[in-house]
Amino acid sequence: MTESKRDNVKLRCSGCGIALQSASPELPGYIPEKTMEREPVICQRCFRIKNYNEASSVAVDQDEFLSLLSKIGDKDALVVHIVDLFDFEGSLISGLQRFVGSNPVILAVNKIDLLPKVTNWNKVRNWVQKQAKEQGLRTSEIVLCSAKKNQGFDRLLEAVAEQRGNRDVYVVGGTNVGKSTLINRLIKDYSDLEQELTTSRYPGTTLDMVNIPLDDGHYIIDTPGIVYPWRFSEIVSKRDLGAIMPDKPLKPAAYQLDAGQTLFYGAMARFDFIEGAHQSFTSYISGALKIHRTKLERADELYANHKGEMLSPPHTAELAEMPAWTRHDFRVPKGADVDLFISGLGWIKVNGSSGAVVAIHAPRGIRVLMRPSLI
């Protein structure tokens with residue numbers, strides 16, 4: 001293509017059809033500017049699939065993603081929805097069922113390696129099934145897995161093989177849930193990729209989706225990761241992301257508290273025990289995030305004087321970019337077996353049976369809720 005034509009035509013990837021851009025590597029259609037003049041021109045994600053048999057994650061916002069999802073219900077497809085067990089409520093796609101229609105959905109629950117080894121996995125599976133049902137999601141199978149440890153992936157691949165028949169496979173999920181790892185395993189197991197990606201465009205391809213050819217003429221459709229603004233992972237800096245996203249099994253931190261005590265999780269969030277008998281609360285958060293205990297009456301002063309320093313992360317520079325805290329109040333009933341969940345940060349298990357009045361302070365917009373206890 002001549003330079004004048006390139007100036008007048010918005011370049012699109014020869015592999016997936018996405019409009020190309022060289023500004024943001026994490027967004028769809030990224031291509032390094034120095035390779036823009038090559039023929040054929042393909043985005044970095046297609047390049048990695050074609051040359052290295054692996055996919056990389058890209059992300060779109062919620063509205064764009066829902067627009068993509070709306071096309072699946074009209075197709076005969078198998079949907080694999082990957083969620084993050086550490087951030088289950090934050091990564092489950094709300095309303096997925098109405099988009100996929102009668103197509104079967106395999107729910108792949110990733111990052112099980114983060115839970116303690118003594119976890120009752122039958123209880124976890126039942127918990128996931130109940131939570132998914134309450135969200136209106138009908139699943140053909142639930143597979144507990146770990147992309148990092150390669151646990152459960154053989155069963156996931158078996159489930160895909162058993163259920164896909166003559167269908168294409170749509171893989172959907174949020175950012176940071178392990179979607180690319182699954183895509184790469186599917187590519188390895190089902191596709192020799194002898195065809196050039198540039199010659200395998202699927203008729204009716206929706207922009208931002210990559211169609212990976214399988215040996216039997218069908219496709220794995222790699223959808224972009226959805227960005228949910230209510231997750232901590234979407235609002236913290238890259239510097240602080242490693243501190244809140246655990247990369248090794250969680251070590252439960254149990255605190256015996258009296259009413260009138262507070263726990264700070266760095267400067268990310270705060271837990272107040274306002275009313276109730278002496279009891280235990282167990283925090284399931286990344287070991288890189290320090291917990292500070294203080295009296296409730298001193299909590300505001302402590303935060304004002306030490307946020308970004310002793311109370312960190314985020315540190316002072318990043319703290320200015322974070323939304324102001326919002327308070328969430330909860331009354332825990334007597335005998336209740338519940339967690340207080342903070343999306344992307346973890347959860348606090350209430351161990352007492354005598355009831356409690358508590359509050360959680362977290363950045364505005366972060367999803368905070370009370371749920372049945374996971375473990």
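This tour moves through a predicted model, from its nonpolar cores to two buried strands and their partners.

**First stop: the largest nonpolar core**

Select Leu-107, Val-128 and Trp-347. Within the largest nonpolar core, which has 42 residues, these three touch the most other members. Next, colour the elements that each supply at least two residues of this core: the helices α3 (62–69), α5 (96–100) and α6 (121–134), together with the strands β2 (77–84), β3 (105–110), β4 (141–144), β5 (168–173) and β7 (219–222). The largest share, 4 residues, comes from α6. In soluble globular proteins, nonpolar side chains tend to be buried together.

Now centre the view on Val-128. Setting aside residues up to four places away in sequence, Val-128 touches Leu-85, Phe-88, Leu-107, Val-109 and Ile-142.

**Second stop: another core**

Apart from the largest core lies another, made up of 34 residues. To find it, select Ile-31, Val-41, Ala-147 and Ile-183, which are among its members.

**Third stop: strand β15**

Select residues 338–342, which form strand β15. Is this strand enclosed or open? Here 5 of the 5 residues are buried, so β15 is largely enclosed by the rest of the structure. Show the side chains to see that both faces are covered: Val-338, Leu-340 and Ile-342 are buried on one side, and Asp-339 and Phe-341 are buried on the other.

Add strand β18 (residues 368–372) to the selection. The strands β15 and β18 run antiparallel and are joined by 5 bridges; across this pairing, Leu-340 stands opposite Met-370.

Then add strand β16 (residues 346–350), which pairs with β15 in the antiparallel sense over 4 bridges. Here Phe-341 has Trp-347 as its bridge partner. Trp-347 is also one of the residues that touch the most other members of the largest nonpolar core. Between the two strands of this hairpin are 3 residues, and Gly-344 takes a positive phi near 85 degrees.

**Fourth stop: strand β17**

Select residues 356–363, strand β17. Of its 8 residues, 8 are buried, so the strand is largely enclosed by the rest of the structure.

Which strands should be displayed beside β17? One is β11 (residues 269–275), which runs antiparallel to β17 and is joined to it by 5 bridges. In this pairing, Phe-273 has Val-358 as its bridge partner. Another is β14 (residues 325–332), also antiparallel to β17, with 8 bridges between them. To end the tour, select His-328 and Ile-360, which stand opposite each other, Ile-360 being in β17.

Technical notes
Residues numbered from 1 in each chain as written. Predicted model: local features only at pLDDT ≥ 70, side-chain atom pairs only at ≥ 80, totals over all residues. Heavy atoms only, no water. Core = buried A, V, L, I, M, F, W, Y, C linked by side-chain atoms within 4.5 Å. Buried < 20%, exposed > 50% of the residue type's maximum accessible area, 1.4 Å probe, protein only. Contact = heavy atoms within 4.5 Å. Pairing = 2+ DSSP bridges.
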